[in-house]
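Here are my notes for you on this one. Keep the structure open while you read, and find each residue as it comes up.

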Amino acid sequence: MPQITVDHSVDVKLDRRAFAAELHPLVGEVIGAAVAECKTRFRRVEESYVGDGAAAREVVLLEIRILDGRTVEQRTALAEALLGLLERSAVAAEGVELHLAVDVVEMDRRTYRKSVSAAG
């Protein structure tokens, strides 16, 4: 069920396929989610500004939405593990500052719904 969105500056080097291949099992390991249920989308961001915008800076923001019910410790461990993965995976150009952030968001089990259908 985890829904993951990775927004990143267009110039950040990130092997999306390799990142997702490592990301999904990591999520499963840390919070016990089924790897087959993890869904990740990547969005390149043409422009982003940090601070006053004067210095060259790149940004990667990862948001993961999970069903509620995990402890603060589990969510914190997940955020720290995902930040570590970003630190190992995302690369900015030489001399460019890279800002990384992770946000773990809880979704209400009582109101969350999903549907899966086969084509055809």
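1. Let's start with charges, keeping in mind that this is a predicted model. The count of salt bridges comes to 8. I'll walk you through three of them, beginning with one that ties a helix to a strand.

2. Look for Arg75 and Glu106, which form a salt bridge with their closest N and O atoms 3.4 Å apart. This pair links distant parts of the chain: Arg75 belongs to helix H2 and Glu106 to strand S4, with their positions 31 residues apart. How exposed is Glu106? Its relative accessible area is 36%, so Glu106 counts as partly exposed.

3. Next, go to Arg110 and Asp108. Their salt bridge has its closest N and O atoms 2.6 Å apart. Arg110 has a relative accessible area of 66%, so this residue is exposed. Asp108 has 24%, and that makes Asp108 partly exposed. Elsewhere, Glu37, Lys39 and Lys114 are joined into one network by salt bridges that share partners.

4. Stay with that network for a moment. Lys39 forms a salt bridge with Glu37, and here the closest N and O atoms are 3.9 Å apart. The cut-off for a salt bridge is 4 Å, so this pair is within it. Lys39 is partly exposed at 37% relative accessible area, and Glu37 is partly exposed at 28%.

5. Now for a charged residue that does something else. Which residue is buried yet has no salt bridge? Try Glu58, which you'll find in strand S3. The nearest side chain of opposite charge belongs to Arg57, and it is 10 Å away. A salt bridge needs the atoms within 4 Å, so a partner 10 Å away doesn't qualify.

6. So what does Glu58 touch, leaving aside its neighbours within four places in sequence? Its contacts are Ser9, Asp11, Val12, Ala92, Val96, Glu97, Leu98 and His99. Click through them one by one and you'll get a feel for the surroundings of Glu58.

7. Time to zoom out to the sheet. There are 4 strands, and they form an open sheet in the order S2-S1-S3-S4, with mixed pairing. Strand S2 (39-45) and strand S4 (97-107) are at the edges; each has a single partner strand, so one side of each is left without a neighbour in the sheet. From one strand to the next, the twist averages 15 degrees.

8. If you wonder what holds a sheet together, strands pair through backbone hydrogen bonds, and they do so either parallel or antiparallel. Here, strand S3 (residues 57-67) and S4 run parallel, and 11 bridges join them. For a place to look, find Arg65, which stands opposite Val105 in S4.

9. Then add the helices. Helix H1 (residues 16-31) lies across strand S1 (3-9), S2 and S3, and runs at about 135 degrees to S2. Helix H2 (residues 72-89) lies across S3 and S4, at about 150 degrees to S4. Remember the salt bridge in point 2? Arg75 in helix H2 and Glu106 in strand S4 were its two ends.

10. Helix H1 has a link to the sheet of its own. The count of aromatic pairs comes to 1. Phe19 and Phe42 make up that pair, which is edge-to-face, at 6.2 Å centre to centre with 70 degrees between the planes. It links distant parts of the chain, since Phe19 is in helix H1 and Phe42 in strand S2, 23 residues apart.

11. Are these two rings' residues buried or exposed? Buried means under 20% relative accessible area. Phe19 comes in at 2%, so Phe19 is buried. Phe42 has 18%, so Phe42 is buried too.

12. Last stop, two loops. Ala34 sits in the loop between H1 and S2, and its 42% relative accessibility makes it partly exposed. The C-alpha atoms of Ala34 and Leu98 are 31 Å apart, with the two residues 64 places apart along the chain. Glu94 is in the loop between H2 and S4, and at 81% relative accessibility Glu94 counts as exposed. Glu94 and Lys13 are 81 residues apart along the chain, and their C-alpha atoms are separated by 11 Å.

Methods
Residues numbered from 1 in each chain as written. Predicted model: local features only at pLDDT ≥ 70, side-chain atom pairs only at ≥ 80, totals over all residues. Heavy atoms only, no water. Pairing = 2+ DSSP bridges. Axes fitted to C-alpha atoms, helices over the stretch in contact; angles between N-to-C directions. Contact = heavy atoms within 4.5 Å. Buried < 20%, exposed > 50% of the residue type's maximum accessible area, 1.4 Å probe, protein only. Lys, Arg positive; Asp, Glu negative; His and termini not counted. Phe/Tyr/Trp six-rings, centres within 6.5 Å; stacked < 30°, edge-to-face > 60°.
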